[in-house]
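Student: Could you take me through one part of this model closely? I'd like to hear about the open sheet and the helices that pack on it.

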Amino acid sequence: MRRNDRLTPLERVKQEQEEERDRILPVPELQAGTNGAITLTMVNQSPKVLFETVGKYAGMNVLFDPEYQPGKNFSLTLDSVTPTQALDHLALLSKSFWKALSQNTVFVTNDNPNKRRDYEAQVTRVFYLSNVNTPQEMQEIINTVRSMADLQRVMPYSTQYAIIARGEADKITLAAALIADLDKPRSEVVVDILVLEASQVFSRKITAALASTGLSLPIDFSPRASVQTPTTTSTATTSTTTTSTTSTTASTIPLSSLGHLASADFSVSLPGALLQAVMSDAGTHVLQAPQLRAVDSIKATLKIGDRQPTATGSYSSGAGTATVSALVNTQFTYIDVGVNVDITPRVHDNGDVSMHVELEISSVNGHVTLGGAILS
């Protein structure tokens, strides 16, 4: 830490403010003097006696509210519990409320809304949100915290995207857990968009190149050996000077084997083909190739083109004379002309992405002259 004499006046004031905030005592936490767990059995005792016995056993002081009204006697058995757990068990059975005044002192009173409001420790905490983009999202988180943590004093600070909450320490802890779970970064999706220009003549050329005269696919029949029956034909020729013998082996398919023919007995020869990418062809032009980055469940808009004015109405003042015509006022509306894309992505738990896409392609068909101005 820098020495105090080397600080600028502004840094010295900030350091004094930080030291003042550090001197504010936090909510007291109970740290009883016992070094082990409490094992105790008490029979038919009043709540005051039970609280005092646990206090003596754990080495802590027990103070009672002057208006504390203990209920009926009851028995209690504690087996290897901490002092805090023992006090919670007693408070539940006797319908009492206790709070820590220091590390070894507790205060006990009746458990009712008035006593809770008077004696329960109140803490204030500021939660800064990192993934909230709209006031509506912040208000939804505030409503959830109010309902689930039962906190009434929860206020937004929209400038810093922060939430200020005040309430009991356990409720503020629950609110912190809820806000940490709700303030999660959303998934993002990057979409590549290609705007291509291809003429109808070029598309017809592609079709003609693929199948200009139709496709001729020869089918060969080559049956398997299991469905064939071999046959042998022999021919013998004898003369006084020359002797020759000819033997021929052939295969036939009997009628009983026709039902056993399958697709494996036939073969089709596919012709070779070449498909050229449309983007690399000179007949097709890539007009735009932008990337659109969208957040989960939030609509993203991409507009490629310009804004064209169009007349939506006109009215006349009606103050014309013989030499001066009446003044005509025309109302205009600008329309986005070109390629307009609206994408709303949805990222699912398994990593799949589904998108709702709205595509609009428009162009100017002509212009009209109105009052000396050329309009679309």
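Tutor: Happy to; here is the sheet, strand by strand, and then the helices. This is a predicted model, in which local features need pLDDT of at least 70 and side-chain atom pairs count only at pLDDT 80 or more, while totals for chains, interfaces and linings use all residues. Residues are numbered from 1 along each chain as its sequence is written, and side-chain values use heavy atoms, with hydrogens and water left out.

The open sheet has three strands in the order 2-5-4, with mixed pairing. Helices (H or I, at least four residues) and strands (E, at least two) are DSSP runs, numbered from the N terminus; two strands pair if DSSP finds at least two bridges between them. Strand 2 (61-64) and strand 4 (96-102) are the edge strands, each pairing on one side only. On average, neighbouring strands of this sheet are turned by 25° against each other, direction ignored. Axes here are lines fitted to C-alpha atoms, for helices over the stretch in contact, and angles run from 0 to 180 degrees between N-to-C directions.

Four bridges join strand 2 to strand 5 (residues 105-110) in the parallel sense, and Asn-61 stands opposite Thr-105 in strand 5.

Now the helices, where contact means heavy atoms within 4.5 Å. Helix 3 (residues 83-94) packs on the sheet and touches strand 4 and strand 5; its direction makes about 150° with that of strand 4. Helix 2 (residues 47-58) lies across strand 2, strand 4 and strand 5, and runs at about 155° to strand 2.
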